[in-house]
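Here are some short exercises to work through with the viewer open. Try each one yourself before reading the solution.

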Amino acid sequence: MTPIRSILTTGTLSQQVKPGLSALKSTDKKHVEDAIRQRFADTLDIDTAFLQTHAADNRWDYLLGDEESSTVVALEPHSAKSDEVSTVIKKKQKALEQLRPHLKAGKGIHRWFWVASGTVQFPNVDKVEKRLAEHGITFVGPILKKKHLR
Amino acid sequence: MSSTRLRIQNFAHIADASLELGDLTVLVGAQGTGKSLALQWLKAALDGKQIVRALQGAGQQPTEKNIIDLIFGVGMNPAWTDQTEVSLNGKAVTRKSISRRGDGNESVFFIPAHRASLISDGWAAQFQRISTDTPVVARMFSQNLFDLFSDRTSSALFPRERTLKEVYRKLIDDAVFHHGEVGLEEDQQHNKRLRLTHGESKLPFMTWTAGQREFTPLLLGLYHLLPSRKIPKQKGIDWVVIEEPEMGLHPQAVTAFLLLVLDLVWRGYRVVLTTHSPVVLTMMWALRVLRERKARWQLVCSAFGVSPSQQLKPVAEAILASRCSLRTYVMEFAQPGRVHAKDISHLDPAAEDDAESGWGGLTAFTSNFTNAVRAAVSESEVGE
């Protein structure tokens, strides 16, 4: 069973899981390093999946099933500005709520990655780093790379 | 301003350091990577004749065989080997040619990391009283302090009217001296000594806080470089090297000092700093972005937490001007005992190279703490 399917209960959400990176919009695939694309066995566009049921809520973008580590990571391409930090944190908090009814007992998302959709406009020594860490989010710059998955 | 290229190969543990020095250059790197050695070479390459004259004046006889010991401190002679090459703008600097470098006057004002320890019991020692174990740049700075202490027409050192811009005086007062007054006063043995006065109490140098003891020689060095009235800079001095300005200082004081560094650049000095402080690199990163965005000058003031003013406008505009070059290098061990210098001037937080995105290692160690926090959060969520 692929990583995302292994953490989801059988239901409507599970049916929207797609093979490889095919759930990612073509414009978002560039945020995943070429060298690691093959390690993702499945993906899920949770932004689209929860659009109807949680239209007014903040929504995270994707789940990626990492076959190599047998874990699921979350990916959010989002503009990298200091004033967007709160939005990204809210998105994660909402994603946890939205996903909870669909997760098998004891299962969850291993890592949460924020990739920059444009120019990076905050430094890594900023308090942003600590705020994100307290919410379990890793800012990775414009591309998710192998080193981030270690 | 055209850049100046200093290259050092195979000297001590420096395998290859090629430094394109701008109007403001910052060197970072772990302890013992040779930042100070590199900058002492800049001094020797530009002011070799002045150094040799100072040594001779102290009764030392510099020769090709002992010049490395006399400049870098006794015991450093083996650092120069058959493979050593040093050049400035492509022109070789050898042990023999050092004594012919420069015109005999000071063109590099060097404020060494040893600065506080050079003030013993509230007074600075003369060059010849400091042993040759000490690098010559520290001995020369001590002599500069001695001259400053001896020549004061006024005993007040801080605050002093018309010596610094009012905004700088306020920043320094708020960050370091807190309404204390620094001056030279006679002690009970009738020796003039540094004193910090708070109301009725007159504190001798060794009772000051570490930050006050570190900051005072920095400040006195700056007095020499920031002449009052309408003279923008000391004639003949083109370079200012300041090692680890952050020593003993709270980030508030470091920030105040960095604004003075910008003032030095505006006055036409070329400034080189070594640092272990993320505050310094945060400033370099911010200046890079402000320049790229063609930001208004007021934002430079805002970055330093001061109100925009006509006094600061030319200082801020000078650092934002495209002709002003900013450089940052990391000196790092490429292999054990072999240091190379790398240009990380862009300081891009998203750079592929960890040396650049991690700002020469200055952020890597705090990142380990945040990574541990992040892992704890993720693990607790999965277990919920």
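Before you start, look at confidence: this is a predicted model, and chain B averages a pLDDT of 92, with 98% of the residues scoring at least 70. The model as a whole scores ipTM 0.75 and pTM 0.83.

**Exercise 1. Describe the interface of chain A and chain B.**

Step 1: count the contacts. On chain A, 28 residues are in contact with 21 residues of chain B.

Step 2: get the area. The size of an interface is often given as the accessible area lost when the parts come together. Here chain A and chain B bury about 1,900 Å² between them, and 53% of that is on carbon and sulfur atoms.

Step 3: look for polar links. The rule finds four residue pairs in polar contact across the interface, both residues being at pLDDT 80 or more.

Step 4: see what chain A brings along. Helix H3 (85-99), helix H4 (127-134) and strand S6 (137-139) of chain A each supply at least two residues of the side that touches chain B. H4(A) gives the most, with four residues. By type, the residues on this side of chain A split into ten nonpolar, ten polar and eight charged.

**Exercise 2. Find the salt bridges that cross between the chains.**

Step 1: know how many to look for. Across the interface of chain A and chain B there are two.

Step 2: start with B:Glu381. Its side chain meets that of A:Lys92, at 2.7 Å from N to O.

Step 3: now pick out B:Asp354, which forms a salt bridge with A:Lys147, the closest N and O atoms being 2.9 Å apart. B:Asp354 lies in helix H10 (residues 354-357) of chain B and A:Lys147 in the segment after S6 of chain A, so this pair joins two chains.

Step 4: check A:Lys147 for exposure. With 29% relative accessibility, A:Lys147 counts as partly exposed.

**Exercise 3. Compare two salt bridges that stay inside one chain.**

Step 1: take A:Asp66 and A:Arg39, whose side chains meet in a salt bridge at 2.8 Å, N to O. This pair links distant parts of the chain: A:Asp66 is in strand S3 (residues 62-66), while A:Arg39 is in the loop between strand S1 (18-19) and strand S2 (40-45), 27 residues apart.

Step 2: test burial, for which the cut-off is under 20% relative accessible area. A:Asp66 is buried because its value is 1%, and A:Arg39 is buried at 12%.

Step 3: look for further partners. A:Arg39, A:Asp66 and A:Glu68 are linked in a network of salt bridges.

Step 4: turn to chain B, where the side chains of B:Glu20 and B:Arg5 meet in a salt bridge at 2.3 Å, N to O. B:Glu20 lies in strand S2 (residues 14-21) and B:Arg5 in strand S1 (residues 4-11), so the pair ties together parts that are 15 residues apart in sequence.

Step 5: test burial again. B:Glu20 is buried at 14%, whereas B:Arg5 has 37% relative accessibility and counts as partly exposed.

**Exercise 4. Place B:Glu214 and say what surrounds this residue.**

Step 1: locate B:Glu214 in helix H5 (residues 210-225) of chain B.

Step 2: classify B:Glu214 as buried, because its relative accessibility is 13%.

Step 3: list its contacts. Not counting residues up to four places away in sequence, B:Glu214 touches B:Arg115, B:Ala116, B:Met247 and B:Gly248.

Note on methods:
Residues are numbered from 1 along each chain as its sequence is written. Chains are lettered from A and ligands numbered from 1 in the order in which they are written. Side-chain values use heavy atoms; hydrogens and water are left out. Contact means heavy atoms within 4.5 Å. Buried area is the accessible area (1.4 Å probe) that two parts lose on being put together, summed over both. A salt bridge is a side-chain nitrogen of Lys or Arg within 4 Å of a carboxyl oxygen of Asp or Glu. A polar contact is a pair of N or O atoms within 3.5 Å; within protein, one must be able to donate a hydrogen and the other to accept it, and residues adjacent in sequence count only if both atoms are side-chain atoms. Ala, Val, Leu, Ile, Met, Phe, Trp, Tyr, Cys and Pro count as nonpolar, Asp, Glu, Lys and Arg as charged, and the others, Gly among them, as polar. Buried means under 20% relative accessible area, exposed over 50%, partly exposed in between (1.4 Å probe, protein chains only). pLDDT is the predictor's confidence in each residue, from 0 to 100.
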